[in-house]
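Subject: Structure for your review

Dear colleague,

Please find below the structure that I am handing over to you. My findings follow it, arranged by topic.

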Amino acid sequence: MSVRELVVLGTASQVPTRHRNHNGYLLRWDGEGFLFDPGEGTQRQMLRAGVAAHDIDRICVTHFHGDHSLGLAGVIQRINLDKVPHPVSAHYPRSGQRFFDRLRYATAYRETVALTEAPVDTDGPLVRTSDYTLEARRLSHPVEAYGYRLVEPDGRRMLPDRLAAHGISGPDVGRLQREGSLNGVVLEDVSEVRRGQRFAFVMDTRLCDGVYALAEGADMLVIESTFLDEDETLAVEFGHLTAGQAARVAREAGVRHLVLTHFSQRYADPSAFEREARAAGYEGDLTVARDLDRVPLPKRRA
């Protein structure tokens with residue numbers, strides 16, 4: 001059975017708190033797992049969330065600040081300790097190769113798993129499969145940073161009334177889907193486009209073209225909202241977003257489910273982020289992320 005959900009492993013920015021671990025997010029996409037920005041403590045949070053090393057197929061690092069990458073050492077070693085039976089790929093900014101090397105080989109361990117290094121140095125597609133395209137876009141942060149976007153190919157939705165009008169039923173429906181035509185009837189005559197799902201992951205950044213490109217039409221947007229709007233000057237200075245800015249991006253991009261995360265420890269009231277997002281005019285589904293949340297992707301658009 002296919003499962004598409006976000007498992008939140010940590011939501012703190014810069015330093016962990018009593019209630020928030022450093023960053024970490026696992027996206028379950030049918031049979032694959034995408035681990036985003038494993039900060040310090042990710043391995044323990046995986047245990048608490050019921051996420052195994054075997055669940056990880058790709059690791060995607062946005063940039064090499066510690067709260068987004070210090071957990072790499074433990075996660076990579078755990079993948080090898082557990083002898084994960086499938087290859088694992090790691091995507092990260094090429095400019096941070098020296099940091100990746102240090103984290104990958106931080107201590108001695110036995111390598112048992114084929115870990116493919118796939119550094120990112122340009123906008124565009126990174127991986128194409130029959131089930132998705134993984135893309136990257138450059139962000140605006142004091143160190144080189146990229147956001148990630150997963151796009152499912154569009155499919156076709158069969159229309160019963162049109163099938164009936166053409167006298168197509170039973171096994172012939174499957175045959176038409178496989179072959180594209182049947183007795184002079186083409187697939188387009190009896191179906192319509194079913195838009196593929198889109199997931200976007202945006203971490204430390206100021207507002208920039210990359211943010212909007214990643215968010216465009218996303219069914220789920222996971223986005224940092226380190227600051228509240230009252231501290232927008234700090235956000236710009238340190239290369240971050242406010243809750244209001246993130247929500248306005250989501251509103252303008254037509255995002256269906258907005259997940260706010262990466263919160264500064266200066267704020268004690270999480271509900272303030274929701275109030276600011278709503279005040280910015282975002283009316284879709286909204287989650288102010290907490291550690292160990294499980295957030296299902298919305299159903300496909302009608």
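How many bridges join S2 to S3, and in which sense do the two strands run? Five bridges join them, and the strands run antiparallel. Before going further, please note that this is a predicted model.

**The open sheet**

Strands S2 and S3 belong to an open sheet of seven strands, in the order S6-S5-S4-S3-S2-S1-S18, with mixed pairing. At its edges are strand S6 (115-117) and strand S18 (294-296), each of which pairs on one side only. From one strand to the next, the twist averages 20°.

Three of the pairings may be followed through single residues. Between S2 and S3, leucine 27 has phenylalanine 34 of S3 as its bridge partner. The hairpin of S2 and S3 has two residues between the strands, and aspartate 30 takes a positive phi near 55° in this hairpin.

On the other side of the hairpin pairing, S3 is joined to strand S4 (residues 58-60) by three bridges, and these two strands run parallel. Here phenylalanine 36 has cysteine 60 of S4 as its bridge partner.

Strand S1 (residues 4-10) pairs with S18 in the antiparallel sense, over three bridges. In this case leucine 6 has valine 295 of S18 as its bridge partner.

How many of the five residues of S3 are buried? Four of them are, so S3 is largely enclosed by the rest of the structure. As a general point for reading any such sheet, the side chains of a regular strand alternate between the two faces of the sheet.

**Helices that lie across the sheet**

Helix H1 (residues 42-49) lies across four strands: S1, strand S2 (24-29), strand S3 (32-36) and S18. Its direction is at about 130° to S1. Helix H4 (residues 97-104) lies across strand S5 (88-91) and S6, and runs at about 165° to S6.

**Two pairs of packed helices**

Two packed helices are described by the angle between their axes and the distance between the axes.

The first pair to consider is H3 with H4. They pack at an angle of about 55°, and their axes are 8 Å apart. That angle makes H3 oblique to H4, because an angle counts as oblique when it is not under 35 degrees, not over 145 and not from 65 to 115. The crossing of H3 and H4 is right-handed. Leu72, Ala73 and Ile76 of H3 meet Phe100, Leu103 and Arg104 of H4. By class, the residues of this contact of H3 with H4 are five nonpolar, no polar and one charged.

Helix H3 (residues 72-81) has as its buried residues Leu72, Ala73, Val75, Ile76, Ile79 and Asn80. Just after H3, lysine 83 takes a positive phi of about 50°.

The second pair is helix H9 (residues 243-253) with helix H10 (residues 271-279), which pack at an angle of about 45° with their axes 8 Å apart. That makes H9 oblique to H10. H9 passes H10 in a right-handed crossing. The contact is formed by Ala243, Gly244 and Ala247 from H9 and by Phe273, Glu276 and Ala277 from H10. In this contact of H9 with H10 there are four nonpolar residues, one polar and one charged.

**Two individual residues**

Is glycine 24 of strand S2 buried or exposed? Glycine 24 is buried, with a relative accessible area of 0%. Leaving out residues up to four places away in sequence, glycine 24 touches Val7, Val8, Leu9, Gly10, Phe36, Asp37, Pro38 and Thr42. From glycine 24 to glutamate 152 there are 128 residues in sequence and 23 Å in space, C-alpha to C-alpha.

Glutamate 135 is found in strand S8 (residues 133-138). At 16% relative accessibility, glutamate 135 counts as buried, because buried means under 20% relative accessible area. Not counting its neighbours within four places in sequence, glutamate 135 is in contact with Gly124, Pro125, Leu126, Gly147, Tyr148, Arg149 and Val151.

Yours sincerely,

A colleague

Note on methods: Residues are numbered from 1 along each chain as its sequence is written. This is a predicted model: local features need pLDDT of at least 70, side-chain atom pairs count only at pLDDT 80 or more; totals for chains, interfaces and linings use all residues. Side-chain values use heavy atoms; hydrogens and water are left out. Two strands pair if DSSP finds at least two bridges between them. Axes are lines fitted to C-alpha atoms, for helices over the stretch in contact, and angles run from 0 to 180 degrees between N-to-C directions. Contact means heavy atoms within 4.5 Å. A crossing is left-handed if the near helix is turned anticlockwise from the far one by less than a right angle, and right-handed if clockwise. Ala, Val, Leu, Ile, Met, Phe, Trp, Tyr, Cys and Pro count as nonpolar, Asp, Glu, Lys and Arg as charged, and the others, Gly among them, as polar. Buried means under 20% relative accessible area, exposed over 50%, partly exposed in between (1.4 Å probe, protein chains only).
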